[in-house]
Amino acid sequence: RTPITPVLPRTFWAAKLPARKDVAAIAEGTRVQRSTADDGVDPVEHTSYAEQVFTSFAAGDGVLGTLTARGLSEMRSVGSALREELVRSDGLLGARVEPAALRVFSTDIPRTIQSVQALLSTLAPPLERSTSSG
């Protein structure tokens with residue numbers, strides 16, 4: 001990820017970010033659901049990255065504190081390796097992953113959400129994930 005308080009200029013870090021189309025691609029077929037256990041409010045679901053609103057300082061500002069293209073690529077590699085291992089290991093993961101069977105939790109920070117989305121994009125590819133109807 002890019003640093004929250006950088007030494008190098010913002011333009012340097014902006015050049016390290018993934019393309020918007022790549023961010024949209026990893027978000028395909030995923031649903032971000034936010035809620036706290038004690039707020040008494042129904043969870044808010046966000047089905048696209050554009051709908052997500054972040055207010056925490058740790059969330060970064062769109063350039064700083066953001067997942068880089070390298071980080072996105074590394075998480076996709078982790079998802080592929082994990083899928084290979086789980087399919088091979090006594091069939092823990094079938095050749096097809098049911099979207100309803102997956103529930104992943106992360107902090108409510110864009111780079112961690114994007115990290116999980118990148119991992120899922122290869123662990124449970126979009127063709128498998130997007131077949132679920134809500």
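Biologist: At what angle do the axes of H2 and H4 cross, and within what distance do they come?
Modeller: In this predicted model, the two axes cross at roughly 70° and come within 8 Å. Angles from 65 to 115 degrees count as roughly perpendicular, so H2 is roughly perpendicular to H4. As for handedness, the crossing of H2 and H4 is left-handed.

Biologist: What makes H3 oblique or roughly parallel to H4?
Modeller: Start with the numbers: helix H3 (residues 69-88) packs against helix H4 (residues 110-123) at about 40°, and their axes are 7 Å apart. Roughly parallel would need an angle under 35 degrees, and roughly perpendicular begins at 65. An angle of about 40° is in neither range, so H3 is called oblique to H4. H3 passes H4 in a right-handed crossing.

Biologist: Let's step back. How many helices and strands does the protein chain have, and in what pattern?
Modeller: There are 5 helices and 2 strands. Along the sequence they read α-α-β-β-α-α-α. Of the 134 residues in the chain, 32% are buried.

Biologist: Take Trp13, then. Why is Trp13 called buried or exposed?
Modeller: Buried means under 20% relative accessible area. Trp13 has 17%, so it counts as buried. Trp13 lies in helix H1. Its C-alpha is 6.6 Å from that of Val63, although the two are 50 residues apart in sequence.

Biologist: Phe12 is in helix H1 too. What makes Phe12 buried, partly exposed or exposed?
Modeller: Phe12 has a relative accessible area of 33%. The band between 20% and 50% is the partly exposed one, so that is the label for Phe12.

Biologist: Which residues join Phe12 in a nonpolar surface patch?
Modeller: Val7 and Leu8 do, and the three together have about 300 Å² of accessible area. A patch residue needs over 30% relative accessible area, and the 33% of Phe12 clears that bar.

Biologist: On to charges. How do you know that Glu74 and Arg70 form a salt bridge?
Modeller: The rule asks for a Lys or Arg side-chain nitrogen within 4 Å of a carboxyl oxygen of Asp or Glu. Here the closest N and O atoms are 2.9 Å apart, and the pair passes. Glu74 and Arg70 are 4 residues apart in helix H3, which means about one helical turn separates them. Exposed means over 50%; Arg70, at 64%, is therefore exposed, whereas Glu74, at 41%, is partly exposed.

Biologist: And what makes Asp22 and Lys21 a salt bridge?
Modeller: Apply the 4 Å limit again: their closest N and O atoms are 3.2 Å apart, and the pair qualifies. Lys21 is exposed because its relative accessible area is 61%, while Asp22 is partly exposed at 31%. By this rule the count is 2 salt bridges.

Biologist: One more arginine. Where is Arg31, and why is it called buried, partly exposed or exposed?
Modeller: Arg31 is in the loop between helix H2 (20-27) and strand E1 (32-34). Its relative accessible area is 41%, so it is partly exposed. Arg31 and Arg103 are 72 residues apart in sequence, yet their C-alpha atoms are 9.8 Å apart in space.

Conventions: Residues numbered from 1 in each chain as written. Predicted model: local features only at pLDDT ≥ 70, side-chain atom pairs only at ≥ 80, totals over all residues. Heavy atoms only, no water. Patch = residues over 30% accessible without salt bridge, like charges linked within 9 Å, V, L, I, M, F, W, Y side chains within 5 Å. Areas by Shrake-Rupley, 256 points an atom, 1.4 Å probe, with all protein chains shown as cover. Buried < 20%, exposed > 50% of the residue type's maximum accessible area, 1.4 Å probe, protein only. Axes fitted to C-alpha atoms, helices over the stretch in contact; angles between N-to-C directions. Parallel < 35°, antiparallel > 145°, perpendicular 65-115°, else oblique. Left-handed = near helix turned anticlockwise from the far one by under 90°.
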